[in-house]
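Please work through the exercises below with the sequence and the coordinates open beside you, and attempt each task before turning to its solution.

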Amino acid sequence: MLRRLRDVEEIKQLKARYFRHVDAKDWDACRELFTADARIDIGGTVRTLDEFVSVTRAWLGDAVSVHSGSMPEIEITGPDEATGIWSMHDYIAFPDDGHAPRGMHGYGHYHERYRRVDGRWRIHTTRLTRLRIDPFEGGLPDV
């Protein structure tokens, strides 16, 4: 029981670091949170870790982002495997170009699988399902 509680807490800390590293645009630190063969599905497109970092870095650019996750449902499914579902909210504001503000508030869930690699939990797969996106007046930039 104690091992399970420790594992759940480590996975919560892992996801907290993910949100922080994305918002800080610390892509090297973000990369370390995933398994080498991770698959990331954001918006229905499944990407490798390298593709995800490259696309996210380019899209966020100089934007200010604030990501948060709550209400984790984490299940330890084996000695080195787990699953999780997180409720999420993100706020992204793109630089002002003299026109209407561009950005969004987004809401949804992360559905994830975790693996323990070399004694540390890592995100192995993640799929973001959006429930709602509220764009700012100026909309969103092209991806």
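The exercises that follow concern a predicted model, and they go from the whole chain to single residues.

**Exercise 1. Overall dimensions**

Task: Determine whether the radius of gyration of the protein chain agrees or disagrees with that of a compact globule, and describe the extent of the chain along its principal axes.

Solution: Begin with the expected value, which for 143 residues in a compact globule would be near 15 Å. The protein chain itself has a radius of gyration of 16 Å, which agrees with that expectation. Next, take the box along the principal axes, which the C-alpha atoms fill with dimensions of roughly 55 × 25 × 25 Å. To complete the picture, consider burial and surface: buried residues make up 37% of the 143 residues, while the accessible surface comes to about 8,100 Å², of which 51% belongs to carbon and sulfur atoms. Finally, for the charges, the chain carries 21 positive and 24 negative side chains, and the centres of these two sets lie 5 Å apart.

**Exercise 2. Order and pairing of the elements**

Task: List the elements of the protein chain from the N terminus on, and then establish which way the strands E3 and E4, E5 and E6, and E1 and E6 run relative to each other, parallel or antiparallel.

Solution: The count of elements is 3 helices and 6 strands, and from the N terminus on they run α-α-β-β-α-β-β-β-β. Turning to the pairs, strand E3 (residues 64-78) and strand E4 (residues 81-93) run antiparallel and are joined by 12 bridges; with 2 residues between them, they form a hairpin, and within this pairing Ile 74 has Gly 84 of E4 as its bridge partner. E5 and E6 also pair in the antiparallel sense, over 14 bridges, and here Tyr 114 is matched with Ile 123 in E6. Strand E1 (residues 34-42), in contrast, runs parallel to E6, with 5 bridges joining the two, and Ile 40 stands opposite Thr 126 in E6. As a last step, look at contacts across the sequence: of those with a separation of 6 or more, 59% are between residues 24 or more positions apart.

**Exercise 3. Two residues of strand E4**

Task: For Thr 83 and Ser 87, decide whether each is buried or exposed, and identify the residues with which each is in contact beyond its neighbours in sequence.

Solution: Both residues have to be placed first: Thr 83 lies in strand E4, and Ser 87 lies in strand E4. The cut-off for buried is under 20% relative accessible area. Thr 83, at 19% relative accessibility, therefore counts as buried, and Ser 87, at 18%, therefore counts as buried too. Leaving aside neighbours within four places, the contacts of Thr 83 include Glu 73, Ile 74, Glu 75 and Thr 77, and also Glu 112, Arg 113 and Tyr 114. With the corresponding neighbours not counted, Ser 87 touches Ser 68, Gly 69, Ser 70 and Met 71, together with Gly 108 and His 109. A distance adds to this, since Ser 87 and Tyr 110 are 23 residues apart in sequence and 6.6 Å apart in space, C-alpha to C-alpha.

**Exercise 4. Consecutive positions in strand E6**

Task: Classify His 124 and Thr 125 by relative accessibility, and name the residues that each touches.

Solution: His 124 is found in strand E6, and Thr 125 lies in strand E6 (residues 120-135). His 124 has a relative accessible area of 12%, so this residue is buried, whereas Thr 125, at 23%, counts as partly exposed. Residues up to four places away being left out, His 124 touches Thr 35, Asp 37, Ala 38, Arg 39, Arg 113, Tyr 114 and Arg 115. On the same basis, Thr 125 touches Arg 39, His 111, Glu 112 and Arg 113.

**Exercise 5. Positive phi values**

Task: Locate Met 71 and Asp 118, state the phi of each, and decide whether each is buried or exposed.

Solution: The background for this task is that most residues other than glycine have a negative phi. Met 71, which is found in strand E3, has a positive phi near 50°, and at 58% relative accessibility Met 71 counts as exposed. Asp 118 lies in the loop between strand E5 (103-117) and E6, and in that hairpin, which has 2 residues between the strands, Asp 118 takes a positive phi near 50°. With a relative accessible area of 79%, Asp 118 is exposed.

Methods:
Residues are numbered from 1 along each chain as its sequence is written. This is a predicted model: local features need pLDDT of at least 70, side-chain atom pairs count only at pLDDT 80 or more; totals for chains, interfaces and linings use all residues. Side-chain values use heavy atoms; hydrogens and water are left out. Helices (H or I, at least four residues) and strands (E, at least two) are DSSP runs, numbered from the N terminus. The radius of gyration is taken over C-alpha atoms; the globule rule is 2.2 Å times the number of residues to the power 0.38. Buried means under 20% relative accessible area, exposed over 50%, partly exposed in between (1.4 Å probe, protein chains only). Contact means heavy atoms within 4.5 Å. Accessible areas come from the Shrake-Rupley method with a 1.4 Å probe; for residues, only the protein chains shown count as cover. Lys and Arg count as positive and Asp and Glu as negative; His and the chain ends are not counted. The place of a charge is taken as NZ of Lys, CZ of Arg, CG of Asp or CD of Glu. Two strands pair if DSSP finds at least two bridges between them.
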